[in-house]
Each structure stands twice: as structure tokens, then as C-alpha cells.
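Thanks for making the time this morning. I would like to walk through one structure slowly, and I suggest that you keep the view open while I talk.

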Amino acid sequence: MSDNTFMGVPREKIPWAPTIDYARCDFCMECDKFCPHQVYQRQEGDVKLVVSNPANCVVFCRACAKTCGPDALSFPNKPEIIEVIKRLREEGGDG
Amino acid sequence: MAERFAVLPCNGLDKAVGPLAREIALAVVEACEGELVCPVLFNNLPARYAKALELPLIVIDGCGTRCASKLAAEHALKVVRKLQVAEALKEMGESAGETLTPDPERLALCQRLAERLLSAPEEGTTRDREAAFTEPVEYATVTRDKFIFRIPRQGYLFNENHCWVRVAGGRARVGLSDYMQQELGDLTYCELPQVGAEIGQFDAVGSVESVKAVSDIISPVSGPVVAVNPAVAETPEIINQDPYVRGWVAELELRDLESDRALLLDGEAYLTLVRQKAADYRP
């Protein structure tokens with residue numbers, strides 16, 4: 001069994017991760033301070049924060065969004081992700 | 001085989017809820033191979049239904065006038081389950097609509113309400129359900145250094161977000177697994193959901209905060225919240241002490257357990273998952 005799976009599906013195949021709306025983000029870094037999974041990474045330059053490890057994000061967790069004052073974080077549509085997982089599970093059924 | 005029932009529905013055909021009561025009654029009778037009692041004929045000729053009324057009786061009222069319930073009371077019938085359509089729709093955030101002919105969407109609601117009636121515990125069994133939810137649990141354990149993670153062997157289902165669900169009488173309690181509460185450490189705060197909130201599978205049904213982190217409680221099942229556990233809001237440590245019984249967070253009315261179940265783990269599968277997690281567990 002792969003090291004990093006969620007519901008039997010390789011984690012990197014599940015497109016669940018935050019998206020930063022840079023029009024709103026003020027780089028306060030609250031989300032990065034909050035997230036214990038190193039999903040975010042700070043960097044030099046104009047764009048001081050990126051989602052560098054999307055596969056580290058806990059599927060269905062949106063807790064960091066609550067720390068975001070300017071409401072710059074969004075997540076994928078949950079029912080769609082459930083469908084993706086169901087489909088991948090069916091495809092991987094023989095494995 | 002499912003238990004059979006006699007069903008006495010509202011016969012109010014001049015309001016939108018009446019035809020819905022009829023549809024629910026038909027669905028119940030069909031599903032349990034029960035007996036339908038026409039309120040008009042029963043009123044004129046009770047003997048006609050003497051045989052049918054040997055079965056436990058479900059009464060379905062359309063509106064607040066509760067004609068069917070009153071009729072049952074006049075004839076001293078013992079009612080084991082009842083439903084008032086207008087009220088039930090309101091609870092679900094739905095309406096009876098404008099037309100006397102139910103549309104497909106409302107027919108689907110009727111089907112759901114019929115299923116709920118058939119799976120609902122009989123009146124006066126709230127205590128039985130409470131007993132089912134608090135029955136002692138037999139645990140399997142995973143040990144890693146000085147940490148011991150308990151996993152109920154039976155009666156619980158889990159999602160991979162380390163939340164559990166325990167089902168009794170058409171309802172489900174949800175909470176955090178022992179693994180998750182130990183990973184978080186001493187809890188300092190537990191946010192409960194609103195009673196009445198519609199929760200989808202994998203929606204947050206509250207959150208917990210510990211000295212180390214904040215975490216959403218991801219619901220393994222879908223349905224409206226019908227109760228919350230005020231004890232854990234007041235004393236979150238209860239979740240640390242007894243995560244599977246006294247530490248329940250919310251109680252949901254089940255919408256579609258069969259469909260939810262496809263994405264859940266039983267105790268044994270969750271035990272395997274915790275074994276893997278424990279292998280690289282660093283508190």
C-alpha cells in the first residue's frame with residue numbers, strides 16, 4: 001500500500017488543496033502559521049506565500065480558511081471531489 | 001423481513017399536504033407489505049379494518065388539524081409511530097408546494113419520509129436509543145511506545161479524517177477517534193454545530209482546539225443535526241477521556257446511510273489504518 005493514500009486512492013490524485021486569491025491575500029501568514037502539514041511555503045519576492053505541498057493538505061479539511069481575515073482561501077467543490085474519489089476507487093478496484 | 005404496519009393517513013385532498021400524506025402512506029404500505037386504512041371508510045365502517053388494525057399502527061397527518069390522529073384517538077387505537085407532513089417538511093427546509101399533484105421532487109421527499117417512518121424508533125424508545133448509544137464498547141488496541149490507541153471492534157464506522165459514527169434507531173452519533181484526540185493532545189475548546197443544520201458527508205460538524213492545533217470534525221455521514229452534546233462544549237477533556245461514548249459531539253438523523261457507508265471504514269479497516277499511522281507517529 002502506498003505511503004500516502006486517502007480512502008484507497010493515491011493522495012496526489014485527489015485535487016483537494018487551498019487556492020490563494022492573490023487579489024485578496026495580504027500575506028499575513030496566519031494560514032501558514034496555522035497549518036501543521038506544511039501545505040504552504042513562504043518565499044521571497046512579491047508573492048510571499050504559495051501552496052507548495054497540495055498533497056499534504058488533509059482531504060476535506062478547510063480549517064485554515066477560518067484563520068484568513070481577507071477571505072483569500074478557497075477549496076474545491078466537495079461533492080465533486082467525492083465523485084473523483086469514487087471514480088478512482090472503482091478504477092483501482094483490481095489493484 | 002421488515003415489520004408490517006397498518007397506515008392511517010390524512011385524506012385531505014384539497015390541500016397540497018394531503019396528497020403527500022397519501023404518497024407517504026402508499027410508500028410505507030408498499031415497503032412493509034402493510035395495510036392501508038382509508039379514514040373515510042374507517043369512520044363509517046370501522047369493522048372493515050378490524051383485521052388490518054391488528055398490525056401496529058402508523059398515523060400520517062397532513063396538517064396541524066391532525067384529523068387522522070383525532071380519528072385514531074376517537075376509536076382508541078394505539079399509535080406506534082406518527083408523522084405530520086407539514087411539520088416534517090418544515091424541518092427539512094421544504095414546502096408542500098402549490099399544486100395538488102406532487103412533483104417528482106416532492107415524491108422523492110415522500111419516499112424519504114416513508115423510509116424514515118419505517119426506520120424510526122417507536123415512540124417512547126428514546127431511552128432505548130440512548131442505551132444503544134452508550135452500550136459499553138469492546139476495544140482493539142494499537143500500541144506505539146507509551147501510546148495506546150483504542151478502536152472499537154464493532155458498532156462504529158470511521159472516515160479517514162479520524163472521525164467515527166455510531167448508528168442506532170435511524171440516528172447516528174459522531175465524534176473523534178482516540179487516535180485523533182491523542183494526536184491533538186489536551187483539548188481546550190469544542191465548537192458544536194447548530195441543531196437543525198444540514199450536514200453533508202465530509203462536511204465539518206464542528207471543530208476542536210487543543211494546545212497544539214485546531215481541527216475540523218469531518219462528519220462521516222449526512223443528515224440534519226438533531227442534537228449536540230453540551231457536555232463536551234463545557235468540558236472538552238471528556239473527548240480526551242472517553243472519545244467514543246461520552247465524548248460524542250453531535251447526533252444526526254440519517255439521510256442515506258447506505259450511500260455514506262460506501263466511503264467509510266469498519267472497525268477492522270480503521271484498525272489497519274491506525275496501525276500504519278502509528279508506525280510513523282510522532283506526538
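Before I show a strand pair, one convention is needed: two strands count as paired here if DSSP finds at least two bridges between them. With that in place, F158(B) stands opposite W164(B) in β8(B). I should also say at once that this is a predicted model, and everything that follows should be heard with that in mind.

Let me stay with that region. Strand β7, residues 156-158 of chain B, is joined to strand β8, residues 163-168 of chain B, by three bridges, and the two run antiparallel. Their hairpin has four residues between the strands, and among its residues H162(B) takes a positive phi near 65°. The chain then goes on to another pairing, since β8(B) and strand β9, residues 171-176 of chain B, are antiparallel partners over six bridges, with C163(B) opposite L176(B) in β9(B). In this hairpin there are two residues between the strands, and G169(B) has a positive phi near 55°.

Which residues have the most contacts inside the largest nonpolar core? They are F158(B), W164(B), V174(B), I217(B), V249(B) and L252(B), in a core of 57 residues, so the pair that I began with, F158(B) and W164(B), belongs to this list. If we take I217(B) and leave aside its neighbours within four places in sequence, it is in contact with C163(B), L176(B), A204(B), V205(B), G206(B), S207(B), V208(B) and V249(B). There is also a second, separate core, of 36 residues, which includes A6(B), V17(B), A88(B) and C110(B). As general background, nonpolar side chains in soluble globular proteins tend to be buried together.

A6(B) takes us to the next part, because A6(B) stands opposite L57(B) in β3(B). The sheet here is an open one of four strands, in the order β2-β1-β3-β4 of chain B, with parallel pairing. Its edge strands are β2, residues 35-36, and β4, each of which pairs on one side only. Within the sheet, β1(B) and β3(B) run parallel and are joined by four bridges, and the bridge partner of V7(B) in β3(B) is I58(B). On the other pairing, β3(B) and β4(B) are parallel over five bridges, where L57(B) has V79(B) of β4(B) as its bridge partner. Between these two strands the chain passes from β3(B) through α3(B) to β4(B), and this β-α-β crossover is right-handed.

How much of β3(B) is buried? Five of its five residues are, so the strand is largely enclosed by the rest of the structure. Both of its faces are covered, with L57(B), V59(B) and D61(B) buried on one side and I58(B) and I60(B) buried on the other.

The helix of that crossover, α3(B), covers residues 67-74, and in it C67(B), A68(B), L71(B) and A72(B) are buried. These four lie on the same side of α3(B), because the arc that they cover around the axis is only 135°. The general reason for such a pattern is that an α-helix has 3.6 residues a turn, so residues three or four places apart point the same way. What covers the buried residues of α3(B) includes β1 (6-9), α2 (39-44), β3 (57-61) and β4 (79-84) of chain B. The face turned away from the buried side carries the exposed residues A73(B) and E74(B), and just after the helix A76(B) takes a positive phi of about 55°.

Stepping back to the whole of chain B, we have 11 helices and 16 strands. Of its 283 residues, 42% count as buried. Among contacts between residues at least 6 apart in sequence, 67% join residues at least 24 apart.

Now to the two chains together. The contact takes 11 residues from chain B and 11 residues from chain A. On the side of chain B that touches chain A, the largest share, four residues, comes from strand β13, residues 214-218 of chain B. By class, that side has five nonpolar, four polar and two charged residues.

I will finish with one residue of chain A. Is R87(A) buried or exposed? With 11 C-beta neighbours inside 10 Å, R87(A) counts as exposed, the cut-off for that class being 12 or fewer. R87(A) sits in helix α2, residues 78-91 of chain A. The C-alpha atoms of R87(A) and V9(A) are separated by 9.8 Å, although these residues are 78 apart along the chain.

Notes. Residues numbered from 1 in each chain as written. Chains lettered and ligands numbered in written order. Predicted model: local features only at pLDDT ≥ 70, side-chain atom pairs only at ≥ 80, totals over all residues. Buried ≥ 20, exposed ≤ 12 C-beta atoms within 10 Å, placed from the backbone. Arc of directions from axis to C-beta. Contact = placed C-beta atoms within 7 Å. Nonpolar A, V, L, I, M, F, W, Y, C, P; charged D, E, K, R; others polar. Right-handed = clockwise from strand over helix to strand, strands pointing away. Core = buried A, V, L, I, M, F, W, Y, C linked by C-beta atoms within 7 Å.
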